Amino acid sequence: MPAFLKHIEVDNFKSYKGKLIIGPLKSFTAVVGPNGSGKSNFMDAISFVMGEKTSSLRVKRFSELIHGASIGMPVARSASVTAVFELEDGTEKSFMRSVQGSSSEHRINNNVVTSQVYLNELEHLGINVKAKNFLVFQGAVESIAMKNPKERTALFEEISNSGSLKTEYERLKTEMLKAEEETQFSYQKKKGIAAERKEAKLEKEEAEKYQRLKEEYVRICFDFAVVVKGA
């Protein structure tokens, strides 16, 4: 079984005051509730811990993610979200992203890492923040349906991460075309050499035939001269 999201831990994140554990989550989990109960903020929490930018979290600044900051009464100086995954071998791996002031910190299994290392490790689990392949927001399905074939192809390439292979593909394609050109050149060269060898063989046969006829002519002339002299 591939890695799956086991539970989410939020600490003073948006409408969630204090530390809360949301889960355990299953392979299929439905989140239901009335308006204002925190469903959208739960989605924001997942987006935040998966590396999304603030522009996708319905805030202008990182500090606004702290509980109470939206009304000018933050309850703490920081907020965090932790995603705990269960891996194929049964072990757990945690990804925590916290915000303090205008900056954020990334941790994997409680070890501080750079944002790039953080995102790379998430990609190993099949989560690509650039492709947004871990959440489908309201209106996204309709937006995808309205795309033209070229735009949908680009989207699927990004989701599957095949777009990252484009540079390697172009390099190999160039090498293939070059190899084909060299093969064609070698073929034409060999073809030309074969034609030259055939022509040389014919010339040799003609020269040998000429030499035989010449020798035969000399012999006949000699025999004729002997006969005339004897007469």
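Glu-86 is partly exposed, at 24% relative accessibility. That makes it a good place to start a tour of this predicted model, since the side chain of Glu-86 meets that of Lys-6 in a salt bridge of 3.9 Å, N to O. From there we can follow the charged residues into the sheet, and then on to a helix with a salt bridge of its own.

**Confidence**

- Across the chain, pLDDT averages 81, and 87% of the residues score at least 70.
- Confidence is highest in strand E6 (residues 111-113), with a mean of 93.
- At the other end of the scale is helix H3 (residues 140-145), where confidence is lowest, at a mean of 69.

**The salt-bridge network around Lys-6**

- The structure holds seven salt bridges, and here we look at some of them.
- Lys-6 and Glu-86 form one of these, at 3.9 Å from N to O. Lys-6 sits in strand E1 (residues 4-13) and Glu-86 in strand E3 (residues 78-86), so this pair ties together parts that are 80 residues apart in sequence.
- Lys-6 also forms a salt bridge with Glu-92, where the closest N and O atoms are 2.6 Å apart. Because Glu-92 belongs to strand E4 (residues 92-100) and Lys-6 to strand E1, this pair ties together parts that are 86 residues apart in sequence.
- Taken together, Lys-6, Glu-86 and Glu-92 are linked in a network of salt bridges.
- How exposed are these residues? Lys-6 is partly exposed, with a relative accessible area of 26%; Glu-86 is partly exposed at 24%; and Glu-92 is partly exposed at 41%.

**Lys-26, a spatial neighbour to look up**

- Where is Lys-26 found? Look in the loop between strand E2 (16-22) and helix H1 (39-49).
- Lys-26 is exposed, its relative accessible area being 58%.
- In sequence, Lys-26 and Lys-6 are 20 residues apart, while their C-alpha atoms are 7.1 Å apart in space.

**The sheet and the helix packed on it**

- Six strands form an open sheet, in the order E2-E1-E3-E4-E5-E6, with antiparallel pairing.
- Strands E2 and E6 are the edges, each pairing on one side only.
- Ignoring direction, neighbouring strands of this sheet are turned by 20° against each other on average.
- E3 and E4, the strands that hold Glu-86 and Glu-92, pair in the antiparallel sense over nine bridges. To see this pairing in the model, find Ser-80, whose bridge partner in E4 is Ser-98.
- Helix H1 packs on the sheet and touches E1, E2, E3 and E4. The direction of H1 makes about 105° with that of E1.

**A salt bridge within helix H5**

- The side chains of Glu-175 and Arg-171 meet in a salt bridge of 2.6 Å, N to O.
- What separates Glu-175 and Arg-171 along helix H5? They are four residues apart in this helix (residues 166-230), which means a separation of about one helical turn.
- Both partners are partly exposed: Glu-175 has a relative accessible area of 41%, and Arg-171 has one of 38%.

Terms used: Residues numbered from 1 in each chain as written. Heavy atoms only, no water. pLDDT = per-residue confidence, 0-100. Helix = DSSP H or I, 4+ residues; strand = E, 2+ residues; numbered from the N terminus. Buried < 20%, exposed > 50% of the residue type's maximum accessible area, 1.4 Å probe, protein only. Salt bridge = Lys/Arg side-chain N within 4 Å of Asp/Glu carboxyl O. Pairing = 2+ DSSP bridges. Axes fitted to C-alpha atoms, helices over the stretch in contact; angles between N-to-C directions. Contact = heavy atoms within 4.5 Å.
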